[in-house]
Structure formats: C-alpha cells, structure tokens
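Dear colleague,

I am passing on a structure that you have not worked with before, and below it I have set out what a look at its charged side chains turned up. Please read the notes with the structure open beside you.

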Amino acid sequence: MGMISSSIARKFAMALSGLFLVFFLGQHFVINLTAVLDPDTFNSWSHFMGNNGLVQALLQPVLIFGVVFHFVMGFILELKNRGARVKSYAKYKGSANASWASRNMIISGLVILAFLCLHFYDFWFPEMIHKYVDALPLDPTRYYAETVHKFESPVRVGLYVIAFVLLAIHLWHGFASSFQSVGFNNKYSKALTKFAKVYSILIPLGFIFIALYLHLNQLPH
C-alpha cells in the first residue's frame, strides 16, 4: 500500500510540475510572438522580465527549480516503470498497449532537456554575463537585435525546429494525462483533453514559426 501511495504521489508531483511548465510555456510564447508582431513590444517586455526584481529573485528560481524537478521526477518514474515491467515483457505488445508518445516520453524529454541547455547557452547565460559580469549599462532596445542574431545560423534554427517537434510529441501525451494524474475527472475532462491536444500542437508550431520567421526575415531579398 505504501509503494502504491508513493507512486501516486510521484505522479501527482510530476503532473503539477508539468502543468506549471505548460503555463510558463504559453507565457513565453506570447512574449516571443511579439518579436514577429512588434519588435518594440518585444524589447519592452523582455526588458521588464529581465530587470524586474520579483521576476528575477522569485519567479526565475521557481521556474528553474520546476524544470529540474520535472525532469528528475520523470527519470525516477521511468526507472520505476521499467522495473515494474520486467516480469511482464512477454505480455507487453508495445503500441498495442500504449501510444509511441507515451512509450518514449523519456526520449522526447531528454531531447527537450538538451534543447533547454542550448536555450540557456543562447539566452540566459549571455544575459547573466551582460548584467552581472560585464555590468554593462541597461539598454531596453537591445533584445530584439540580439534575438534575431541568434537565429542567423540555419543549423541552430534546425535544432530548434527538431526540439519543438519533440516538444509537441511530449506534450501530446504529458499535458493531457496530467489532468488525470492530479485527479481531475468530471464533465469538463473531455473538453480539457481536447484543449491539451490542440495546445500541444499549436504552441510548438508557433515557436517553429517564430524561429523560421526570424531566420528568413534577415536573409537578403
């Protein structure tokens, strides 16, 4: 009984951290979309997020903890699940029992984790160096140009596109199943599942569009 309870608790914590990251993903998408719609707004919002004390001292550490917690918990659950399946491999029929997305969450998760490391290398670390190491003066108009510069390389854009495709696959199973994991089961469940599926496709596609737009828009016409 204790093992079952701990397993349920881990899945519950995993689902909550996932829902938190999904919320952040949507907020991040809205800000990034302004790079396409209105670079001045993108500069303004980026400057606010990068220099607001509450965001930097509270929300940013919480976000980083949420990312680390989600992936660590995901690896723990995967190891537990693999151990539980050792005696049932003879009966396990792969896709007959589960979708490809659900069977390969650890693979898509690892790719997304690698992408996050690249994203930190591209944006977070340079920002920290700019503000705290080089201590350069504040320039609220620099963010758009710096972001566009990151998408000059077609190789980097390709890596971003691949990562967002894997993110869509990861979300397709993870986002929808998270509601069940937290015990949300009522008349709105079907509508939420449909919303999760649509979100899982549209948001990654939106990020792909932004990356391609920023890359193609700077090519000579």
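Please keep in mind that this is a predicted model. I begin with R142, which forms a salt bridge with E127, the closest N and O atoms lying 3.0 Å apart. This pair links distant parts of the chain, since R142 sits in the loop between α5 and α6 (143-150), whereas E127 belongs to helix α5, the two being 15 residues apart. R142 is buried, with a relative accessible area of 8%, and E127 is buried as well, with a relative accessible area of 13%; both values fall under the 20% below which a residue is called buried.

E127 also takes part in a salt bridge with K131, where the closest N and O atoms are 4.0 Å apart. K131 and E127 are about one helical turn apart, because they are four residues apart in helix α5 (residues 105-133). K131, like E127, is buried.

On the other side, R142 forms a salt bridge with E146, the closest N and O atoms being 2.9 Å apart. E146 is partly exposed, with a relative accessible area of 35%, which means that its value lies between the 20% and 50% cut-offs.

Taken together, E127, K131, R142 and E146 are linked in a network of salt bridges. For the wider context, a search of the whole structure finds four salt bridges, and those described above are among them.

With best wishes

Notes: Residues numbered from 1 in each chain as written. Predicted model: local features only at pLDDT ≥ 70, side-chain atom pairs only at ≥ 80, totals over all residues. Heavy atoms only, no water. Salt bridge = Lys/Arg side-chain N within 4 Å of Asp/Glu carboxyl O. Buried < 20%, exposed > 50% of the residue type's maximum accessible area, 1.4 Å probe, protein only.
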